[in-house]
Amino acid sequence: MAITIRGRRQEEGSRGFTLLIAMIFVGVVLAFAATLGALGYKQSILAGNAIQSQYAFYAADAGLECLLYNDQGPSQDLFDYANAGTQDVSASCNGTSYTYTVLAYTPTYWALEAAQVAAATSTSCADLTVYKYASTQSDGKTTYLFSQGYNLPCGAVTAGNGRLVARGLEAAY
């Protein structure tokens, strides 16, 4: 049995073929759009992580600069092994005062740590560690400085609030 639609004959078994093609096309376009949306979302997350990583790196860099200033700055020599002992050491950098706690004091080395020092701004934080040896080590160095920077303020690092990103820097001489 043949059906005539607007002057054309159409076989009964071919009804809905155009609808099927349209549905397939719409499905492909929707899948493509969903893929692009997911890709855009992931890119924005990665960009946000990169920014937070930079904040942590800048905090570590500021901390390392403070360590270098306190050890090598004008008439500082704060970590000179000749002055080593079991007493904590007070220091300041960028207008902020903080204390280096003695981790170890032996006849061969002196280890100090200043935990969670606010970096250049109050939006980031750094842990600073110093190892000062009495004599030159096998690699020809006597001083090792470590700075671990965080993208969050010191209170949030301690409390574990937020997404913590940490970056570290070190110097040896």
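## Around Tyr98

Tyr98 has many neighbours in this predicted model. Leaving aside residues up to four places away in sequence, Tyr98 touches Cys66, Asn70, Ala114, Val117 and Leu128. Its contacts also take in Val89, Ser90, Ala91, Ser92 and Cys93.

## The largest nonpolar core

Tyr98 belongs to the largest nonpolar core, which holds 22 residues. Five of its members touch the most other members: Leu67, Tyr98, Tyr100, Leu112 and Leu128.

Which elements give two or more residues to this core? One is helix 1, spanning 17-72. The others are strand 3 (89-93), strand 4 (96-105), strand 5 (109-118) and strand 6 (125-133). Strand 5 gives the most, with four residues.

In soluble globular proteins, nonpolar side chains tend to be buried together.

## A separate core

Another core lies apart from the largest one. This other core has six residues. Among them are Tyr150, Cys154, Ala156 and Val157.

## The disulfide

How many disulfides does the structure hold? There is one. Cys125 and Cys154 form this disulfide, with their sulfur atoms 2.2 Å apart. The link is right-handed, with 100° about the S-S bond.

What does the pair tie together? Cys125 sits in strand 6, while Cys154 sits in helix 2 (residues 154-159), so the link joins parts that are 29 residues apart in sequence. A disulfide is a covalent bond between the sulfur atoms of two cysteines.

Are Cys125 and Cys154 buried or exposed? Both are buried. Cys154 is also one of the residues of the six-residue core.

Methods: Residues numbered from 1 in each chain as written. Predicted model: local features only at pLDDT ≥ 70, side-chain atom pairs only at ≥ 80, totals over all residues. Heavy atoms only, no water. Core = buried A, V, L, I, M, F, W, Y, C linked by side-chain atoms within 4.5 Å. Buried < 20%, exposed > 50% of the residue type's maximum accessible area, 1.4 Å probe, protein only. Contact = heavy atoms within 4.5 Å. Disulfide = S-S within 2.5 Å.
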